[in-house]
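Could you walk me through this fold, starting from one helix and working outwards? I'd like to see how the pieces fit together.

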Amino acid sequence: MKSVYYSALARAEMILKGNALAPLRHCLGRWRLLRAVARRSVRGIRKALLPKNPEWVQVRGGLAQGIWLRLNLRDEAVYWFGIHEPIVLDSLKKLSAPGSVFYDVGAHLGFFSVSAAKFIGPQGMVMAFEAERDNWARIKENAIRNGFEDRIALVEAAAWSHSSSTGIPFKRGRWPRAHGGVWADGVIPVLAEGEVESVPAVSLDDYFRMGGRRPDALKIDVEGGECEVLKGAAELLCAARPALICEVHHEQAAEWIRDWLARKGYLLEWHVPEQLYPRLLVAQAADAG
């Protein structure tokens, strides 16, 4: 009965988010008070109808359709519907193939890791880099529930410009935990509001030198630290020539990344929202076709 109930709620919210009601949403968007009332009403309905504690649900659509995730449905329904960052999912599907190796840098709860693991199949491999300790257990349990523990390797460290076994400062997100990031080398995580702790750090170059598999695709979402991650992956990009999917949070970072990747022979495609940042970069090595 639970699954039927959640399925009905999922369909109802998909209708609310669908094209049929787009004119109504647009109309509400023009009136600040109505928009605020509508948002509070939706939050109140979610609180009344959805469980307080995390529940196991199957993703309703998209690349991850059918996989199991343990989610707080009041706040993480976007994963449940399979519509979280659709451009990233579409790019992942285009840039990977069965048997591919995927590096998920800033893996959070493992949504992209398990999505990729499903798509690339048993011959593929996912390396999930995650510094936030509360997310480690979520990645592991999501991998086990879907039978992907043999194709998702969790790296419990922050990917950075240099490796440090003694640790570097990491400012945690309060909620969601996905908003945490390394607070070092002049980088301040854009949305982190939690406490600061020390976490292990590893550069992707060092990880690759120590026997890490050659990636076909690399996704980076580290809340403002993307330049530092790329600095630590210079040799990897030159040797493996992986496709790159990267969330970029500042104009200065976008300019640096554009020039840095161009010198390495990468072709860049930007996906820019109305608010300009964060924006998504999809890049491929010119010599990779």
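Let's start with helix H6, residues 111–120, which is mostly covered, with 8 of its 10 residues buried. Bear in mind that we're looking at a predicted model. The buried set in H6 runs through Phe111, Phe112, Ser113, Val114, Ser115, Ala116 and Ala117, and then picks up Ile120. Right after the helix, Gly121 adopts a positive phi of about 80 degrees. Pro122 sits in the loop that joins H6 to E4, and with 60% relative accessibility it counts as exposed, because the cut-off for that is over 50%. Pro122 also has a distant partner in sequence: Arg151 is 29 residues away along the chain, yet the two C-alpha atoms are 6.6 Å apart.

Now for the sheet. It's an open one with 7 strands, ordered E5-E4-E3-E10-E11-E13-E12, and the pairing is mixed. The edges belong to E5 (152–155) and E12 (266–271); each has a single partner strand, so one side of each has no neighbour in the sheet. From one strand to the next, the twist averages 15 degrees.

Zoom in on the E5 end. Strand E4 (residues 125–129) pairs with E5 in the parallel sense, over 4 bridges, and Ala128 stands opposite Leu154 of E5. This is where H6 comes back in: the helix packs on the sheet and touches E3 (101–105), E4, E5 and E10 (217–220), with its direction at about 175 degrees to that of E4. Helix H7 (residues 133–145) packs on the sheet as well, touching E4 and E5, and its direction makes about 170 degrees with that of E5.

Strand E10 has a residue worth a stop, Lys219. Is Lys219 buried or exposed? It's buried, because its relative accessibility is 4% and the limit is 20%. Its side chain makes a polar contact with the side chain of Asp104, at 2.6 Å. Leaving out residues up to four places away in sequence, Lys219 touches Val88, Phe102, Tyr103, Asp104, Val105, Gly106, Phe112 and Ile245. So Phe112, one of the buried residues of H6, turns up among the contacts of this lysine.

That leads on to the aromatics. Searching the whole structure turns up 7 aromatic pairs. In one of them, the ring centres of Phe111 and Phe112 are 5.3 Å apart and the planes lie at 70 degrees, so this pair is edge-to-face. Both of these phenylalanines are buried, and ring pairs tie them together with Tyr79 into a cluster.

Another pair, Trp256 and Trp260, has its ring centres 5.2 Å apart and its planes at 20 degrees, so it counts as stacked. Both tryptophans lie in helix H11 (residues 251–263), 4 residues apart, or about one turn of the helix. An α-helix has 3.6 residues a turn, so residues three or four places apart point the same way. In terms of accessibility, Trp256 is partly exposed at 28%, while Trp260 is buried at 8%. Each ring has a lysine over it as well. The charged end of Lys231 sits over the ring of Trp256, 5.6 Å from its centre, and Lys264 lies over the face of Trp260, 4.1 Å from the ring centre.

Key
Residues numbered from 1 in each chain as written. Heavy atoms only, no water. Buried < 20%, exposed > 50% of the residue type's maximum accessible area, 1.4 Å probe, protein only. Helix = DSSP H or I, 4+ residues; strand = E, 2+ residues; numbered from the N terminus. Pairing = 2+ DSSP bridges. Axes fitted to C-alpha atoms, helices over the stretch in contact; angles between N-to-C directions. Contact = heavy atoms within 4.5 Å. Phe/Tyr/Trp six-rings, centres within 6.5 Å; stacked < 30°, edge-to-face > 60°. Lys NZ or Arg CZ within 6 Å of the ring centre and 35° of its normal. Polar contact = N/O pair within 3.5 Å; in protein donor to acceptor, adjacent residues only side chain to side chain.
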